[in-house]
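User: Please take a close look at a single part of this model. I would like to know how that part sits among its surroundings.

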Amino acid sequence: MSKNNECIHKSSCKQKDSNLCGDFCLKQKILRNLLSDTNLPEYMWKPLDLIATKDYSTFEQLSSIKTNIKKFVSDGNNLLIYSQNCGNGKTSWAAKLLVSYVEAVWYKDCVDRRALFVNVPKFLYDCKRNISHSLEGFDELCEDLNQVDLVVWDDIGAGNMSGYEHQILLQSIDYRLNNNLCNIFTANITEDEIYSTLGNRLGSRVWGCSKRIKFVDPDKRGLDRW
């Protein structure tokens, strides 16, 4: 049985009776199902407690978005979290925002996907694999990209893309923007690199249509506590 200290929503839980925690908690069961459907790796369901060394103002901005995540998503806003440095919390913050949104709307729908976490390099690789060998659940995922409230596009712009890969991303992201669906992008590149890597059409959508938050903290990956 799941213990209270393993609970996904322990920090925001108002349940005072510990005997009702774990397998007796309906909210935790629904949250686990909804988060499983997002494709967010389970170890990220309870993201690290990040501590800024230089990125104080950026963390404050992200905390404000997290507090108002339901409105941020419903308004169809877009966010780009970027940095030249790897391992300084971009993906962890994107995961925090996704989990916060799922927790904010868990009671509305216990079946349909509400959000998706997409590692862009893996997604593009699977797109090519799916051409010659049908991957289980992949076609459904592609359909849901055009429907879910929120998509986290993690590590966009990692490496050069073929024309086919560029078109796949452009179609999905363009559709979501045109239909006022929320996107969160993370990238380890600068503004110039976004345009040179993604091309002008896709780059302008990712950069120009998003609230941009730049991280300057160094790589913290592997530290016990950030």
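Analyst: A polar contact is a pair of N or O atoms within 3.5 Å; within protein, one must be able to donate a hydrogen and the other to accept it, and residues adjacent in sequence count only if both atoms are side-chain atoms. The model is predicted: local features need pLDDT of at least 70, side-chain atom pairs count only at pLDDT 80 or more, and totals for chains, interfaces and linings use all residues. Residues are numbered from 1 along each chain as its sequence is written, and side-chain values use heavy atoms, with hydrogens and water left out.

The part chosen is helix α5, residues 120–132 (helices are DSSP runs of H or I, at least four residues; strands are runs of E, at least two; both are numbered from the N terminus). At the start of α5, Asn119 places a side-chain oxygen within 3.1 Å of the backbone nitrogen of Lys122.

Along α5, the buried residues are Val120, Phe123, Leu124, Asp126, Cys127 and Asn130 (buried is under 20% relative accessible area, exposed over 50%, partly exposed in between, with a 1.4 Å probe and protein chains only). Seen down the axis, these buried residues of α5 fall within an arc of 160°, so they line one face of the helix; the arc is taken from the directions from the helix axis to the C-beta atoms. Lys122 and Ser132, on the other side of α5, are exposed.

The buried residues of α5 pack against two strands, β2 (115–119) and β3 (150–154), and against helices α6 (138–144) and α7 (163–178); contact means heavy atoms within 4.5 Å.

Cys127 is one of the buried residues of α5, and a search of the whole structure finds zero disulfides (pairs of cysteine sulfur atoms within 2.5 Å).
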